[in-house]
Amino acid sequence: MRRALFAVLLTAALGMFTWTVRRFTRMILAGRPEGRFDDREARVDSVLRYFFGQKKVIEETIIPAKRWPRFVSALGSKYHFLIFWGFIFITIGTVETIVAGIFPSFSWQALLGATVGHALSAVIDAFSLTVLLLVVFAFFRRIVLQPRLIPMSRDAAAILSAIGLLMLTYFGMRRLDGAAAEACWWAHVVILLAFLNYLLYSKHSHILAALPNIYFRKLGQRGILPKLNMEADDMAATGVVQGFADFTWKSLLDGFACTECARCTNACPAYNTGKPLSPMQVIHDVRDDLRTRMPDRGPLDVLLDKFQHGAGAAADTVQPLIGGRTSEDVLWACTTCGACQEVCPVFIDHPEKIIQMRQNLVLVQEKVPTDLARTFTNLERNGNPWGIGADKRMDWADGLGVPTLDDHPDAEYLLWVGCAGAFDDRIKKQTRALVDVMREGGVDFAVLGLEEGCTGDPARRSGNEMLYQMQAQQNVEAMNGKNVKKVITACPHCLHTIKNEYPQLGGNFEVRHHTQLIRELVDSGKIELDAVANAAKADGGPGKLTFHDPCYLGRWNGEYDAPRAALDALPGGPDARVELPRNKEHGFCCGAGGGRMWMEEKIGTRVNHNRTDEILASGVDTVATACPFCTIMLRDGVQDRNAGERVQVLNVSELVAKSMKRKKQIDAAQAVPPPSST
Ligand code: SF4
Ligand code: SF4
């Protein structure tokens, strides 16, 4: 009787689970195609490191809302590792329970022999106890520790209760006798099968979706936006995202893989300065949009929505995704800094989705913030966001005699000046310093002069793909027409766009950031820095200094060492340099990326103030930058905090130019003194 009843229950539960998996898989695969099947070896390696090894889970720390002893907070972020491995071993016990329900004589002891079977049972018992204790801790963590953004939701309470009861009934059926053991057995299998069927409707869908999401993650260069077909006859054919179904299948899988750990939102500069943007919520919005628009949506979906989100959830079915469920303010708050995708343990790409939704606002809905619309006009009319006449693009080089490629067609490098370097008075000094360093290092270079236009980064990151492609195409044609092979950029945004995105338009160049060139010049001895003189700030040197990582040099292009190496060669040496608390992969944005440089910051506090406060608290005399936007934002931040006298904001090129021994000096010092005439 027990066997027959269990067989019916199991068949019904597995049938329903299969149906649920099929309906969600069908919806995910209805997304746009995307090739993620290359390099199997690297993909398997990712699964081993990041799924089974839980690498990112171990590395990152979730911010607790309240202050607790360090080990409690650390356990709060790392206990998932234990619970994960607990689950793996418990699953072995679950297999035994299910098979024994059909074939009562089955047990691991019977199959593997007494010694191995007993050892396995002991391990499963140990992990079951560990998981039970961790469930208690998880309740304590959510209710008492209250990690930021990880509330005690109904969904979490249901899942944690189910796991706790599974462990208790597991011990009950193994340690008790008679009717009590039988009751525990039935309770265990009923909870188990109900849990299985609830999974895909809850945040615990990640139990099933995390592994494929990590396997199919983006490999290689990050942050390359998919190119829209702007020559298509109608908007739908351009590839612009109109709703959840226009994302790729991988982007839709992201929503089910999210563990709701909130690491992304905790790292987000917009969220941390009071903007309405939570990258975690953006991912959930896409997933929830999919769920509420499933063609076979039935009463069970509505019931589960109400249970998880309250009675008002049903109204969400009529909201559009872009500008509705995900509001315009949310979408415009993003600086595209990439901090969210950096920390995500399951490799979700938030910025790409945000920019794709911005494309819809700009190209389809024509909803553009006024200040950004002005910038688009400046770009269209003058080829730069400042709106200064294009004929003034070479004014920065007055008196320097910098050759254009027309003057010097065989130059080894094209120096890509960038709009900030050409038009902003503060940044022009950085460009002149860079020219000084390149000349001292004997670098053979020329510029495009008046033929250079904005790379298109501000237009592309703020959703105006049409304008981006126009600008980028002009630049690619000019560079190909002059047979450019190697490019040095002053700006990391120019670096990213020319190096990684121009190939989509037929522009293939070897591109390096100026700090990479400077490091090479220093390492090869082509420029020498005065290692002792002027180290102190009082003597005109940098004094105690730090480096602020630009998002597009660091996170998006993986370059953290070159600017640091150049700084360590300065007067004062490596000892003079300190790291900010948020550095390298976890560096905090200056607030200017993603077109935010040209938008007013009306909500919350300013991102550059948040970063400036961190810099001021570090007690440095100098903050070194490697991006013109960072220089402007941090200079403004330092001035707003009335700290202009205390802290100087200088580009790496300026610091190096200041400390460089001039060849003339070196030659004079090394020259053999002329023989005395006496
Ligand atoms: S890219 Fe940066 S600003 Fe945008 S959502 Fe991610 S963390 Fe926030
Ligand atoms: S998107 Fe990634 S980092 Fe953010 S909550 Fe989900 S799993 Fe965590």
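How many of the 10 residues of helix α24 (residues 492-501) are buried? In this predicted model, the count is 9, and the helix is mostly covered. The buried set comprises P492, H493, C494, L495, H496, T497, I498, N500 and E501. Buried here means under 20% relative accessible area.

Several elements contribute to the cover of α24. Among the helices, α22 (457-461), α23 (465-481) and α28 (628-640) contact its buried residues. Strands are also involved, including β1 (413-416), β3 (486-489) and β4 (510-513). Helix α24 lies across these strands, β1, β3 and β4. Relative to β4, α24 runs at about 165°.

The strands belong to an open sheet. Its order is β2-β1-β3-β4, with 4 strands and parallel pairing. The edges are formed by β2 (445-446) and β4, each of which pairs on one side only. Thus β4 appears both as an edge strand and as part of the cover of α24. Strands β1 and β2 run parallel and are joined by 2 bridges. In one bridge pairing, L414 is matched with A446 of β2.

Ligand 2 was examined separately. Its shell holds 13 residues. The closest are C258, C261, A262, C264 and C344. By residue class, the shell divides into 9 nonpolar, 2 polar and 2 charged residues.

Key. Residues numbered from 1 in each chain as written. Chains lettered and ligands numbered in written order. Predicted model: local features only at pLDDT ≥ 70, side-chain atom pairs only at ≥ 80, totals over all residues. Heavy atoms only, no water. Near = heavy atom within 4 Å. Nonpolar A, V, L, I, M, F, W, Y, C, P; charged D, E, K, R; others polar. Buried < 20%, exposed > 50% of the residue type's maximum accessible area, 1.4 Å probe, protein only. Contact = heavy atoms within 4.5 Å. Pairing = 2+ DSSP bridges. Axes fitted to C-alpha atoms, helices over the stretch in contact; angles between N-to-C directions.
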